[in-house]
Amino acid sequence: MTQSAAGTKPSISIVGRVLAIIVAVAVFLFALSLLGHAFKMVAAGRTQQIMEVTSDPFISLFIGLLMTAVIQSSSTTTSMVVAAVAAGSLNMAQAVPMIMGANIGTTLTSTLVSLGFITKKKEFKKALAAGTVHDIFNVFTTIILLPLELYTGFLSSLAQTISGYISLPGELNSSDLFTYGFWHNLSPVQWMVDSIDNVWVVLLLAFVLLFASIKVLAHYIYELFIGSFRKDFERIFFATPLKAFAFGGLLTATVQSSSVTTPLVVPLVATGKISLKKCYPYIMGANLGTTVTAFLAALFHSNAAISIALVHVLFNLFGVLIFFPIKVLRNVPIKTAQRLGRITNRNRIIGFMYILLTFFLLPFILIYISQQS
């Protein structure tokens, strides 16, 4: 009897986790639909004002950075941008820099995790390098690709071309397939919007549900698929650069959050279990894997929403193609992160100033200057 009861516990645990994942996915889709309604309500009569605020690409960039740095989920930010594009509140030119900013903002978690080693001098230098290499990679990628996008529009043009091939045909296209088909037929979204009758409360509720569903998905999927591999994490998944890259991409696509997966390697690098060079491909894979959430969300919306989700994929893909295959370029983010680690190790206050300036003060200052000019 005891053995039977004991034998059923893992099954019950797995079933419970699967059910939690299913509920989280349903809440995620519900939140996206609610968010789309909220953005349409906000945009009604305010389109010109919204366009003016985000017409400057640098303001859009730093809005995306600040949003993601505060909520620590690029999946949430990019899903919100997709919903805003689908609702017509943002156009491609405004949304692309915001997506790039979200990529930088999501790296804050790894940097904060590295500060946990600040009392251990030898480990702190390695930890900070591991924590900031993701920041540096995304900053360098943005420096290269943002001007190219602004002057040539190559990312948005390529994304729009690709979206034409993957869009759902005719009457099945856009949100009619699911978001406004399934949800609207059951009317929970419209009922909730009508019941609350306050656009800002609806927007806040949609944001909270979106953020919470992504966090729940990350937690339960991680426990379900990854938990048993924790002890052999570095031995199994970092044998070769391609294996590390693939694992980083698949793991992040599964848990839908690079903020969850990239900090995992910081303690491993800090304690010397793996080198920064070995974990770098994993981080590149995680950076690409985090684009899956917004892309899946966009499939149930318009061609414009699919295009902006593809911009996210292409931005991260081109970043990998620039800073991964060629050894000289691959060493640029790694060497920069190691140098920052050495400098910060000599003067710990630099680490805190780096976080404050990069993720908070500098964006606020630049937004203020852009508005004044």
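Helix 4 (residues 74–87) runs 20 Å from its first C-alpha to its last over 14 residues, close to the 20 Å expected at 1.5 Å a residue; the expected span here is 1.5 Å times one less than the number of residues. Helices in this account are DSSP runs (H or I, at least four residues), strands are E runs of at least two, and both are numbered from the N terminus. Of the 14 residues in helix 4, 13 are buried, so the helix is largely enclosed by the rest of the structure. Buried means under 20% relative accessible area, exposed means over 50%, and partly exposed falls in between (1.4 Å probe, protein chains only). Just past the end of helix 4, Gly 88 takes a positive phi of about 85°.

A word on the model itself: it is predicted, with local features needing pLDDT of at least 70 and side-chain atom pairs counting only at pLDDT 80 or more, while totals for chains, interfaces and linings use all residues. Residues are numbered from 1 along each chain as its sequence is written, and side-chain values use heavy atoms, with hydrogens and water left out.

Zooming out, the chain has 20 helices and 0 strands. It holds 373 residues, and 50% of them count as buried. Contact means heavy atoms within 4.5 Å. Among contacts in the chain with a separation of 6 or more, 82% are between residues 24 or more positions apart.

Next comes a helix pair. Two packed helices are described by the angle between their axes and the distance between the axes. For helix 13 (residues 241–255) and helix 16 (residues 276–289), the axes come within 6 Å and cross at roughly 35°. Axes are lines fitted to C-alpha atoms, for helices over the stretch in contact, with angles running from 0 to 180 degrees between N-to-C directions. The crossing is right-handed, that is, the near helix is turned clockwise from the far one by less than a right angle (anticlockwise would be left-handed). On the helix 13 side the residues involved include Phe 245, Phe 247 and Leu 251, and they meet a helix 16 set that includes Tyr 282, Met 284 and Leu 288. By type, the residues of this contact divide into 11 nonpolar, 5 polar and 1 charged. Nonpolar covers Ala, Val, Leu, Ile, Met, Phe, Trp, Tyr, Cys and Pro, charged covers Asp, Glu, Lys and Arg, and the others, Gly among them, are polar.

Helix 13 itself has 15 residues, which should span 21 Å at 1.5 Å a residue, and its end C-alpha atoms are indeed 21 Å apart. Its buried residues are Ala 244, Phe 247, Gly 248, Gly 249, Leu 251, Thr 252 and Val 255. Just after helix 13, Gln 256 takes a positive phi of about 60°.

Over in helix 16 sits Cys 279, which counts as buried at 0% relative accessibility. Leaving out residues up to four places away in sequence, Cys 279 touches Phe 238, Val 265, Val 269 and Ile 274. The C-alpha atoms of Cys 279 and Phe 237 are 9.8 Å apart, with their positions 42 residues apart along the chain.

Two polar residues are worth a look. Asn 138, in helix 7 (residues 121–152), is buried with a relative accessible area of 0%. Neighbours within four places aside, Asn 138 is in contact with Asn 103, Ile 104, Thr 107, Asn 287 and Phe 315. Ser 156 belongs to helix 8 (residues 154–166) and is buried too, at 11% relative accessibility. Its contacts, again skipping residues up to four places away, are Met 92, Glu 149 and Val 311. The Ser 156 side chain also reaches the backbone oxygen of Gly 153 at 3.1 Å.

By contrast, Ile 196 in helix 10 (residues 188–196) counts as partly exposed, at 28% relative accessibility.

How values were computed. A polar contact is a pair of N or O atoms within 3.5 Å; within protein, one must be able to donate a hydrogen and the other to accept it, and residues adjacent in sequence count only if both atoms are side-chain atoms.
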